[in-house]
Amino acid sequence: MQRISIIGTGYVGLSTAVCFASRGYHVIAATRNEENARAINAQQPPFYEPGLDAALTHGIRSKCLRAETSRAKAVSETDVSFITVATPEQPDGGIDLRYIISASEDLGRALQKKDTYHLVVVKSTVIPGTTREVVKLTIERTSQRAAGRDFGLCMNPEFLRQGSAIEDTLHPDRVIVGEYDARSGTLLEALLNEFYEGAVPVLKMGLESAEMVKYASNAFLATKISYANEMATVCETVPGVDVTHVMAAVGLDPRVNPQFLNAGAGFGGSCFPKDVKALRTFAEKHGTQAPLLRAVLTVNEAQARHVAQLVLSCLGEPEGKKVALLGLAFKPNTDDLREAPSLKIAAQLLEAGARVSAYDPVVKKVAFSEFEALEHADSVQACLAGAHCCVVVTEWDEFKALTPDDFITHMAKPIVVDARRIYDPQEFRQRLRYKAVGLGDER
Ligand code: UGA
């Protein structure tokens with residue numbers, strides 16, 4: 001069995017590490033953050049992710065997994081290194097490669113001292129050309145070794161979703177192996193076939209195609225969501241129309257498929273907004289306009305504003321009125337607030353003069369200074385108490401279980417804006433004022 005090091009312990013890195021360890025591989029997770037390394041070794045997940053807790057405990061107790069602050073040590077004691085560091089957004093919409101460069105430099109310095117062949121695999125999301133032009137050249141410069149001869153190089157994009165990261169890592173639909181040369185590709189393909197016991201299709205291609213697959217996939221999924229949101233806004237203008245019925249029917253066409261057609265508050269998270277922007281910026285830098293990607297982002301920005309507008313239209317004069325905001329995380333089963341629609345909606349409501357009280361089962365505080373005025377409730381009931389309107393922004397199970405009575409009992413005025421379509425319009429409309437994304441007025 002190959003020994004594996006993972007450089008970077010965010011969602012992708014740590015999920016990859018615990019999953020390899022769960023199948024008996026010897027894995028070293030390298031992070032320069034001492035606190036992070038200590039937490040991992042103490043079996044404490046550094047972020048909220050269902051199933052990570054148990055997988056981490058299993059990995060550490062079985063001695064298959066350990067965290068290291070020295071990347072050099074991690075590389076020298078293993079045969080394959082996955083680079084899983086972050087590639088954050090830059091102000092111009094491009095990606096910041098500083099962590100990729102520093103990981104490549106550390107890898108190169110470690111490889112200089114290593115006499116055996118080592119396979120380097122880029123898993124971070126990087127724009128086409130980065131693995132060859134940045135990672136390869138940086139490792140060659142710092143190691144004085146040659147790619148293809150002394151070390152192998154592959155690009156292996158990741159498709160896991162936060163909230164189901166472990167499940168997605170263990171059971172992906174497909175695995176992409178971008179290869180610098182045949183030897184590297186064959187080695188990674190063999191490792192992945194061993195790990196997945198041959199049950200997952202492995203597609204081999206060039207490095208740049210593999211890099212592009214990740215952006216093309218996320219751009220398509222984001223496009224589906226913006227399409228559903230645009231259809232939702234049109235549906236709202238037609239009495240009797242419900243976007244959930246329309247999309248259910250559209251999705252049954254196998255050429256479309258039902259997934260990612262849920263109209264809502266817009267897509268957030270660390271991936272879709274950043275990746276669509278990066279692909280658009282990349283296309284523009286290469287002299288190609290990307291009008292579709294531009295439109296996908298415009299529709300997404302508008303969607304959060306549209307939800308805030310639905311709330312304001314129900315409130316009347318917002319000054320001093322309390323809005324209960326249910327759900328802060330950008331999606332359920334995560335504590336991640338990056339690009340969360342909740343914050344965009346809260347900002348607009350606060351600016352309009354409303355009081356906003358938020359409750360989320362996992363996110364207990366928004367620590368950003370611009371949200372000082374946001375109140376935090378410690379239960380649904382406290383959040384709803386005395387509110388003039390409630391807006392559901394994240395579809396947590398806890399909110400799905402609420403009935404009209406819960407809103408009627410606690411709120412000053414029972415008005416619900418359902419931005420995730422979790423309630424039955426018929427049931428709710430009979431009991432209270434119910435507005436929802438993609439729902440036309442009653443006929
Ligand atoms: C996304 C992709 O789904 C993963 O395949 C990919 O690996 C990952 O990005 C990444 O690039 O690392 P993630 O951002 O974790 O995963 O979560 P998703 O479940 O895709 O949701 C993203 C956003 O879209 C959320 O805000 C969600 O509420 C929204 N969404 C999703 C909708 O509004 N409607 C839908 O029908 C589906």
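Start by selecting Arg420 together with the ligand: an N or O atom in the side chain of Arg420 lies 3.2 Å from an oxygen atom of the ligand, a polar contact in the sense of a pair of N or O atoms within 3.5 Å. The model is a predicted one, in which local features need pLDDT of at least 70 and side-chain atom pairs count only at pLDDT 80 or more, while totals for chains, interfaces and linings use all residues. Residues are numbered from 1 along each chain as its sequence is written, and side-chain values use heavy atoms, with hydrogens and water left out.

Next, select Gly268, where a polar backbone atom is 2.9 Å from an oxygen atom of the ligand, and then Phe330, which has a backbone N or O atom 3.1 Å from a ligand oxygen atom. Of the 710 Å² of accessible area that the ligand has on its own, the protein covers 92%, with areas taken from the Shrake-Rupley method and a 1.4 Å probe.

Now widen the selection to the shell, counting a residue when one of its heavy atoms lies within 4 Å of the ligand. There are 20 residues around the ligand, and the closest are Phe159, Leu160, Gln162, Lys214 and Asn218. Coloured by class, the shell divides into 9 nonpolar, 5 polar and 6 charged residues, where Asp, Glu, Lys and Arg count as charged, Ala, Val, Leu, Ile, Met, Phe, Trp, Tyr, Cys and Pro as nonpolar, and the others, Gly among them, as polar.

Which helices each supply at least two residues of this shell? They are H9 (207-236) and H11 (272-285), helices here being DSSP runs of H or I with at least four residues, numbered from the N terminus. The largest share, 3 residues, comes from H9.

Keep H11 selected and add H12 (residues 291-315): their axes, lines fitted to C-alpha atoms over the stretch in contact, are 9 Å apart, and the two helices pack at an angle of about 150° on a scale from 0 to 180 degrees between N-to-C directions. H11 is therefore roughly antiparallel to H12, a label for angles over 145 degrees.

Finally, show H9 with H10 (residues 243-251), whose axes come within 9 Å and cross at roughly 135°, so that H9 is oblique to H10. The axes of H9 and H12 also come within 9 Å, crossing at roughly 45°, and H9 is therefore oblique to H12; oblique covers the angles left over once those under 35 degrees (roughly parallel), over 145 (roughly antiparallel) and 65 to 115 (roughly perpendicular) are set aside.

Terms used:
Polar contact = N/O pair within 3.5 Å; in protein donor to acceptor, adjacent residues only side chain to side chain.
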